[in-house]
Amino acid sequence: AKRRGKRNYARYSPDMDRDSRRRTSRIAALRRAIEREELSLVYQPELHLTQGRIHSVEALLRWNSTDHGTVPPGEFIPLAEETGLIIPLGEWVLDQACRTLVAWRAAGADPALKMAVNISAVQLLRSDLPDTVARILQRHALPPGVLELELIESVLMSHAEQALRRLHVFRELGVSIAVDDFGTGYSSLSYLHRLPIDTLKIDKTFIDGVAAPDDHDDATITSTIIAMARTLGLATVAEGVETPAQLAFLQRHGCDIAQGFHISRPLPGDDCQHFLETAPAR
Ligand code: C2E
Ligand code: CA
Ligand code: CA
Ligand code: CA
């Protein structure tokens, strides 16, 4: 039998070779995705529950690679973060999302409609992010108030000082801030309350259970988050709303905004524009 080398003894397997080759070739492809025009955005509407109108849309990145087919964001975003590619990619997303919003506004969309953009921890930790955002808003002549940045909860805890500095600049700029996947990290509402943030997006894992007869914990956690957020002056968005029963629960407990397949799946730009023009008031 072949002798095992010292470095990779026992851990070597042909699968690892194949996985690491695939990883390397995906990184190379991702590096060229922008110039090859393989990236696109889809837009998922968020419904305001008391006003009955679409309050915002969230831009979600899609990669349709010539070489790798459709790669889900859950796979390529981490690669982009590890390699630093998330910086040019994230800038492309911001620019494209703003461009789309400008087109919708020119075609008569509600001037109050917001565009929500996901910002990775790697982007947030760069000191030039606020300048980048300000430059893109200026380029498209958009009022800062229509842009909402979604940040994940964990970065606000792990890099509290840097994050706080950035948040204050955004507050000054007039851009609003949502905490994404709220409830999955370990931050307390009393801590978040001291940050200049506007909105909590309650993670889908809680919403999944709110109308399930055997899952009282999720219902209790969700209604408690909504009630406490209200006391602290923060708006609440429920992620991943898939059923009428979940929507009814959220309405009953005073959640402000709902997003999920029950309202709309993420849509290509033109389809989303059509949805905005024709969505019946609820
Ligand atoms: P996220 O920000 O939490 O986005 C919500 C995800 O849930 C999206 O998945 C969306 O398509 C999906 N979703 C929405 N409603 C429902 C529902 O009712 N049921 C189910 N099962 N799923 C629902 P997607 O588009 O695959 O994105 C996954 C994650 O990738 C996002 O999670 C976000 O963390 C990241 N991501 C996507 N686009 C970007 C981007 O432009 N920049 C950054 N940094 N991250 C992004
Ligand atoms: Ca998000
Ligand atoms: Ca989420
Ligand atoms: Ca549960």
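These are my notebook entries on a predicted model, covering its calcium sites, one strand residue, the core, a helix pair and two backbone oddities.

**Entry 1: calcium ion (ligand 2)**

I began with the metals. For the calcium ion (ligand 2) I looked up the protein donors and found E58 (OE), N118 (OD1), E150 (OE) and D180 (OD), at 2.2 to 2.4 Å from the ion. Along the chain, these donors are spaced as E-x59-N-x31-E-x29-D. I then checked where two of them sit: N118 is in strand β4 (residues 114–119) and D180 is in strand β6, so this pair ties together parts that lie 62 residues apart in sequence.

Next I asked myself: is D180 buried or exposed? D180 counts as buried, because its relative accessibility is 7% and the cut-off for buried is under 20%. N118 comes out as partly exposed, with a relative accessible area of 30%.

**Entry 2: E150, one of those donors**

I stayed with E150 for a moment, since E150 is among the donors of the calcium ion (ligand 2). E150 belongs to strand β5 (residues 147–152) and is buried, at a relative accessible area of 2%. I listed its contacts, leaving aside neighbours within four places in sequence: E46, E58, A116, V117, N118, I119, A178, D180 and K201. I was pleased to see E58, N118 and D180 in that list, as these three are also donors of the calcium ion (ligand 2).

**Entry 3: calcium ion (ligand 3)**

How far is the calcium ion (ligand 3) from the calcium ion (ligand 2)? I read off 5.1 Å. The protein donors of ligand 3 are D181 (OD) and E239, which appears twice through OE, and they lie 2.0 to 2.7 Å from the ion. This pair links distant parts of the chain, with D181 in strand β6 (residues 176–182) and E239 in the loop between β8 (235–238) and α11 (244–252), 58 residues apart. D181 is partly exposed at 26% relative accessibility, while E239 is buried at 13%.

**Entry 4: the nonpolar core**

Which residues touch the most other members of the largest nonpolar core? That core has 78 residues, and the answer is L156 and L200. Helix α3 (residues 86–106) gives the most to this core, nine residues in total.

I followed up on L200. Setting aside neighbours within four places in sequence, its contacts include V179, F182, L189, L192 and I225. A229, L234, A235, T236 and V237 are also in contact with L200.

**Entry 5: α3 against α5**

As α3 was already on my page, I looked at how it meets helix α5 (residues 129–139). Their axes come within 10 Å and cross at roughly 30°. The two helices are therefore roughly parallel to each other, given that angles under 35 degrees count as such. The crossing of α3 past α5 is right-handed. On the α3 side I noted E91, L94, D95 and C98, which meet T132, V133, R135, I136, L137 and R139 in α5.

**Entry 6: positive phi values**

Last, I went through the backbone. E37 has phi near 55°, a positive value in a residue other than glycine. E37 sits in the loop between α1 (14–31) and β1 (39–48), and is exposed with a relative accessible area of 69%.

A141 also has a positive phi, about 50°, although A141 is not a glycine. I located A141 in the loop between α5 and β5, where A141 is exposed at 65%.

Conventions. Residues are numbered from 1 along each chain as its sequence is written. Chains are lettered from A and ligands numbered from 1 in the order in which they are written. This is a predicted model: local features need pLDDT of at least 70, side-chain atom pairs count only at pLDDT 80 or more; totals for chains, interfaces and linings use all residues. Side-chain values use heavy atoms; hydrogens and water are left out. Donors are N, O and S atoms within 2.8 Å of the metal (3.2 Å for Na, K and Ca); water is not among the atoms, so sites may look incomplete. Helices (H or I, at least four residues) and strands (E, at least two) are DSSP runs, numbered from the N terminus. Buried means under 20% relative accessible area, exposed over 50%, partly exposed in between (1.4 Å probe, protein chains only). A nonpolar core is a set of buried Ala, Val, Leu, Ile, Met, Phe, Trp, Tyr and Cys residues joined through side-chain atoms within 4.5 Å. Contact means heavy atoms within 4.5 Å. Axes are lines fitted to C-alpha atoms, for helices over the stretch in contact, and angles run from 0 to 180 degrees between N-to-C directions. Angles under 35 degrees count as roughly parallel, over 145 as roughly antiparallel, 65 to 115 as roughly perpendicular and the rest as oblique. A crossing is left-handed if the near helix is turned anticlockwise from the far one by less than a right angle, and right-handed if clockwise.
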